[in-house]
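Student: I'd like to take a close look at one part of this model. Could you walk me through it and then follow the picture outward?

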Amino acid sequence: MDVFTAIKERRSCRAFLPGPVSEEAIEKLLQAAVWAPSPMNAQPWEFIVITNQEVKGKIHSEVEDRRKSLAEKSGWKWLERYQVDFILSSPAIIAVIGNPDKTGADRFLEGGGMGYQHACAAAIQNMLLTAHALGLGSLWFTLFDFEAMRAMLGIDPGKEPLALVCIGRPSGEPLQMARKDALERTRFIR
Ligand SMILES: Cc1cc2nc3c(=O)[nH]c(=O)nc-3n(C[C@H](O)[C@H](O)[C@H](O)COP(=O)(O)O)c2cc1C
C-alpha cells in the first residue's frame, strides 16, 4: 500500500474482533514508530505493549471514571453516550510514553519545550498508518488521567503517558469522518 492511500484510508477504529495481534505485527508498528522525526534525534519515546486482560480491565475502569466525570463537567451529551468497551476488546494496547528531558533546544524557550510531544505524535501516526497497511484497525486514545495511568503502568515520575494506541482486527466499518478542503485552511505568503 502506498503512503498516500494509507493516509487517506486510515480511520479510527472503536470496535475490534476477538483474537490476538501477532508479535510480528506489533514489532512492525514499533519499528515504524521509532523512524519518526524528533528534536535533535532525541527519540523521546518509550512504549509499553499491554495484552494482559486484567490490566486492560483496570485501564477500562479508570477511563470509565474519567468519561463520567468529564461528561458531568462539560455537559456534553456525546460523552454520556460514548462507549469505551474497545479498551477491553482491543487485543493490544500500546502506551506511548514521552520523556520531557529528551526535547530539543526548545526546552530553553519560555514555557519549556513541546518537541517531545510532537515527536511522540509523529511516532503514533507512523504506527496508525502501518497498522492500516497491515489490515489492522487502530485508535489514538487520550481520555485518561495522566497520574492514574502513570501509577497503573509503573511509569517514572519524570515521564508522561501521552497516549494509548488500541490495535486489533477491525469489527465492522469505522465511522467515515470527512475533512475540510486543505486549501480552505491554508494561507500562502508569496
Ligand atoms: C491527540 C488525539 C487524541 C485523540 N483522543 C481520542 C480519544 O480519547 N478517544 C477517541 O475515541 N478518539 C480519539 N482520537 C481520535 C479522533 O477522534 C479521530 O482521529 C477524529 O475524529 C478523526 O477521525 P478519523 O481518525 O477516523 O479520521 C484522538 C485523536 C488525536 C489526534
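Student: In which sense do β3 and β4 pair, and over how many bridges?

Tutor: Happy to, and please keep in mind throughout that this is a predicted model. β3 and β4 pair in the antiparallel sense, and five bridges link them. To place one of these bridges on your screen, find Ser138, whose bridge partner in β4 is Ile167. Next, look at what surrounds β3: four of its five residues are buried, so the strand is largely enclosed by the rest of the structure.

From here, the strand pairing can be followed through the model. β4 also pairs with β2, in the antiparallel sense, through seven bridges. In that pairing, Ala95 stands opposite Leu164 of β4. β2 in turn runs antiparallel to β1, to which six bridges join it. Ala95 is a handy landmark here too, since Ile48 stands opposite Ala95 in β2. So that you can trace the route in one go: β3 pairs with β4, β4 with β2, and β2 with β1.

β2 deserves a pause. Seven of its seven residues are buried, and the strand is mostly covered. The cover is found on both faces, with Ala92, Ile94, Val96 and Gly98 buried on one side, and Ile93, Ala95 and Ile97 buried on the other. Val96 lets you see some of what lies around this strand. Beyond its neighbours within four places in sequence, Val96 is in contact with Trp45, Phe47, Cys120, Ala123, Ile124, Leu162, Ala163 and Val165.

That brings us to the nonpolar core. The largest one has 37 residues, and the members that touch the most others are Ile94, Val96, Met127, Val165, Cys166 and Ile167. Two or more residues come from each of α2 (23-33), α3 (53-74), α5 (86-89), β2 (92-98), α6 (115-133), β3 (137-141) and β4 (160-168). Among these contributors, α6 gives the largest share, nine residues. As background, nonpolar side chains tend to be buried together in soluble globular proteins. Notice that Ile167, which bridges to Ser138, is also one of the core members with the most contacts.

Now let's turn to α6, which includes Asn126. Is Asn126 buried, exposed or partly exposed? With 19 C-beta neighbours inside 10 Å, Asn126 counts as partly exposed, because a residue needs 20 or more to be called buried. Away from its neighbours within four places in sequence, Asn126 is in contact with Ala32, Ala33, Trp35 and Ala36. Ala36 and Asn126 are 90 residues apart along the chain, yet their C-alpha atoms are separated by 6.9 Å.

Let's move on to the loop between α2 and β1, where Pro37 lies. Pro37 is exposed because it has 12 other C-beta atoms within 10 Å. Leaving aside its neighbours within four places in sequence, Pro37 is in contact with Ala119 and Ala122. For a sense of scale, Pro37 and Val165 are 128 residues apart in sequence and 19 Å apart in space, C-alpha to C-alpha.

The loop between α2 and β1 also holds Met40 and Gln43. For Met40, phi is near 55°, a positive value in a residue that is not glycine. Gln43 is not a glycine either, and its phi is positive at about 50°. Most residues other than glycine have a negative phi. As for exposure, Met40 is partly exposed, with 13 other C-beta atoms within 10 Å, and Gln43 is partly exposed with 19 such neighbours.

For a positive phi at a glycine, go to Gly75, just after α3, where the value is about 75°. α3 itself has 22 residues and should span 32 Å at 1.5 Å a residue; its end C-alpha atoms are 31 Å apart, which agrees.

Finally, come back to the strand we started with, this time with the ligand in view. The residues around the ligand are Arg11, Ser12, Arg14, Leu139, Trp140, Phe141, Thr142, Leu143, Pro174 and Met177. Sorted by class, this shell has six nonpolar, two polar and two charged residues. β3 covers 137-141, and Leu139, Trp140 and Phe141 are among the residues around the ligand. Leu175, in the segment after β4, counts as exposed because it has 8 C-beta neighbours inside 10 Å.

Key: Residues are numbered from 1 along each chain as its sequence is written. This is a predicted model: local features need pLDDT of at least 70, side-chain atom pairs count only at pLDDT 80 or more; totals for chains, interfaces and linings use all residues. A residue is near a molecule or strand if its C-beta atom, placed from the backbone, lies within 6 Å of it. Ala, Val, Leu, Ile, Met, Phe, Trp, Tyr, Cys and Pro count as nonpolar, Asp, Glu, Lys and Arg as charged, and the others, Gly among them, as polar. A nonpolar core is a set of buried Ala, Val, Leu, Ile, Met, Phe, Trp, Tyr and Cys residues joined through C-beta atoms within 7 Å. Two residues are in contact if their C-beta atoms, placed from the backbone, lie within 7 Å. The expected span of a helix is 1.5 Å times one less than its number of residues. Two strands pair if DSSP finds at least two bridges between them.
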